[in-house]
Amino acid sequence: MSIDRRRFLERVVTVGAGSALPGRLAAAPGGASARRFAAASGLPADTGQRAVQIPEDRFDAWIEVDADALAHNVGVVSRLTSGRPILAVVKNNAYGLGLGVAAELLAAHDAIAGFAVVKSEDAIALRESGVDRPVLLMGYAPDAALPELVASRVRLSLYLDDDARRIPDRVPSAGRIPAHVYLDTGMSRMGMPYHRALPWLTDLAESEAFSVTGTFMAFTEETDFDREQLARFQSVVGVARERGIELGRLHAASSNGVYHLPEAHLELVRPGIALFGGYPSRPEEERAVAELHPAVSLKCRVVRVERLREGDSVSYGRSYVAEGPTWVATLPAGHVDGYPRGAVRGARVAIGDTTYRVIGAVSASHLMVELGADPSVAVGDVATLLGSATEAVHPNEVARTSDSSVYDLFMHLDPTLPRIVV
Ligand SMILES: *Cc1c(COP(=O)(O)O)cnc(C)c1O
């Protein structure tokens with residue numbers, strides 16, 4: 001199964017066109033700036049804080065982040081929301097793209113008004129990466145992290161009864177602390193419940209501890225109830241504003257709201273997955289409204305091609321048994337990289353211009369695909385497991401065929417895999 005170096009490189013050039021070409025990588029837009037960015041951040045490559053170069057002979061999985069696709073998706077969100085400023089949600093390693101890589105690419109767009117994360121460490125990491133747009137922490141700010149969060153100008157989310165005392169007590173000389181008010185209108189997850197928010201808002205305002213630059217809520221994404229939630233939000237907002245309480249800019253819509261609830265676009269929109277090219281709820285309908293481009297690809301190179309005899313079985317549990325002679329390729333990627341175990345239910349992998357069915361249980365670091373009578377795949381060929389190569393590997397399609405969630409696919413991409421910008 002060994003191939004000589006020359007043949008390998010020829011294959012890289014022919015098979016990898018438009019993807020992992022070494023020459024293209026060297027010249028990739030964003031490559032130089034990503035390296036500059038890396039130098040500024042001083043953070044390790046393996047958290048996606050910076051883009052790296054992928055050695056041309058890398059077989060193990062890597063992730064490609066597509067700057068043009070991101071730009072396209074930012075444009076789509078802007079168009080769907082009539083140019084509303086976008087608070088880009090980059091939680092959980094920017095949905096797998098790599099926090100620093102994604103933030104730097106997104107910050108190149110004027111439409112991106114700021115970033116939102118859920119974990120306080122991500123808020124700090126954004127700042128350490130050199131991001132200077134507003135950063136909103138939508139999760140809890142632990143006492144011990146408050147001084148650093150405030151010093152880093154991270155906007156906190158106010159939602160607990162004692163926030164007007166707890167937060168200023170931990171950062172005594174900070175002046176007014178920038179924050180957004182988080183209201184719970186029906187998720188029962190985070191936020192101050194709307195039905196007891198008014199006296200609390202009055203208290204917050206009277207404390208003069210905060211500079212409130214925004215007020216927000218999150219939808220359950222159940223269409224009829226979303227409208228009820230929005231009405232609850234608007235009623236609290238209306239009364240508070242009548243009382244002269246400053247609420248800043250209002251925001252509520254995630255990607256689902258961007259597509260399906262125009263009345264919720266308010267003054268800012270707050271999408272995550274749509275920016276990265278995943279359809280949030282109803283892929284076919286959403287694609288017909290405005291097509292998104294997957295901004296992330298999971299790739300690797302074939303490490304084994306072998307011909308099975310009739311009756312030969314594949315992988316743990318022997319769920320696949322060859323009905324006749326067939327070629328099978330092994331890919332060095334598995335569930336540890338974020339590829340779903342459920343792929344065996346019908347997901348396909350693209351190699352060259354063809355897609356092949358995943359067979360046998362997906363193991364931690366390997367998976368197998370059925371080539372049938374087609375022996376043209378060779379060791380060293382680039383395989384795309386997720387991405388834009390063909391419809392079959394679009395993240396929404398892989399989610400459907402592997403009985404998984406497109407959110408899981410994005411967010412479970414292994415953060416330690418190298419990211420390159422293409
Ligand atoms: C994750 C998240 C978003 C973004 O959701 P998408 O469906 O990815 O657009 C927005 N707001 C909050 C509070 C979130 O947790």
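**Contacts, burial and salt bridges**

Guide: In this predicted model, a polar side-chain atom of Arg 270 is placed 2.9 Å from a nitrogen atom of the ligand.

Visitor: What makes that pair of Arg 270 and the ligand a polar contact?

Guide: The cut-off for a pair of N or O atoms is 3.5 Å, and the separation for Arg 270 is 2.9 Å, so the pair falls within the limit and counts as a polar contact. Lys 91 likewise has a polar side-chain atom 2.7 Å from an oxygen atom of the ligand, while for Ile 273 a backbone N or O atom lies 2.9 Å from a ligand oxygen atom. Of the 390 Å² of accessible area that the ligand has on its own, the protein covers 92%.

Visitor: Which kinds of residue make up the shell around the ligand?

Guide: The shell divides into 7 nonpolar, 3 polar and 3 charged residues, and the closest of the 13 residues that surround the ligand are Lys 91, Tyr 95, Ser 255, Gly 272 and Tyr 407.

Visitor: Why is Gln 229 called buried?

Guide: Buried means under 20% relative accessible area, and Gln 229 has a relative accessibility of 0%, so the residue meets that condition. Gln 229 belongs to helix H11, which spans residues 223-242, and a polar atom of the Gln 229 side chain lies 3.0 Å from the backbone oxygen of Ala 218. Leaving aside residues up to four places away in sequence, Gln 229 touches several others, including Thr 185, Met 187 and Phe 219.

Visitor: How do you know that Arg 170 and Asp 143 form a salt bridge?

Guide: The rule asks for a side-chain nitrogen of Lys or Arg within 4 Å of a carboxyl oxygen of Asp or Glu; the closest N and O atoms of Arg 170 and Asp 143 are 2.9 Å apart, so this pair qualifies. Arg 170 lies in helix H9 and Asp 143 in the loop between strand S4 and helix H8, so the pair ties together parts that are 27 residues apart in sequence. Both residues also take part in a network of salt bridges that links Asp 143, Asp 163, Arg 166 and Arg 170.

Visitor: What makes Arg 170 partly exposed?

Guide: That label lies between the buried limit of 20% and the exposed limit of 50%; Arg 170 has 35% relative accessibility and therefore counts as partly exposed. Asp 143, with a relative accessible area of 28%, is partly exposed as well.

Key:
Residues are numbered from 1 along each chain as its sequence is written. This is a predicted model: local features need pLDDT of at least 70, side-chain atom pairs count only at pLDDT 80 or more; totals for chains, interfaces and linings use all residues. Side-chain values use heavy atoms; hydrogens and water are left out. A residue is near a molecule or strand if one of its heavy atoms lies within 4 Å of it. A polar contact is a pair of N or O atoms within 3.5 Å; within protein, one must be able to donate a hydrogen and the other to accept it, and residues adjacent in sequence count only if both atoms are side-chain atoms. Accessible areas come from the Shrake-Rupley method with a 1.4 Å probe; for residues, only the protein chains shown count as cover. Ala, Val, Leu, Ile, Met, Phe, Trp, Tyr, Cys and Pro count as nonpolar, Asp, Glu, Lys and Arg as charged, and the others, Gly among them, as polar. Helices (H or I, at least four residues) and strands (E, at least two) are DSSP runs, numbered from the N terminus. Buried means under 20% relative accessible area, exposed over 50%, partly exposed in between (1.4 Å probe, protein chains only). Contact means heavy atoms within 4.5 Å.
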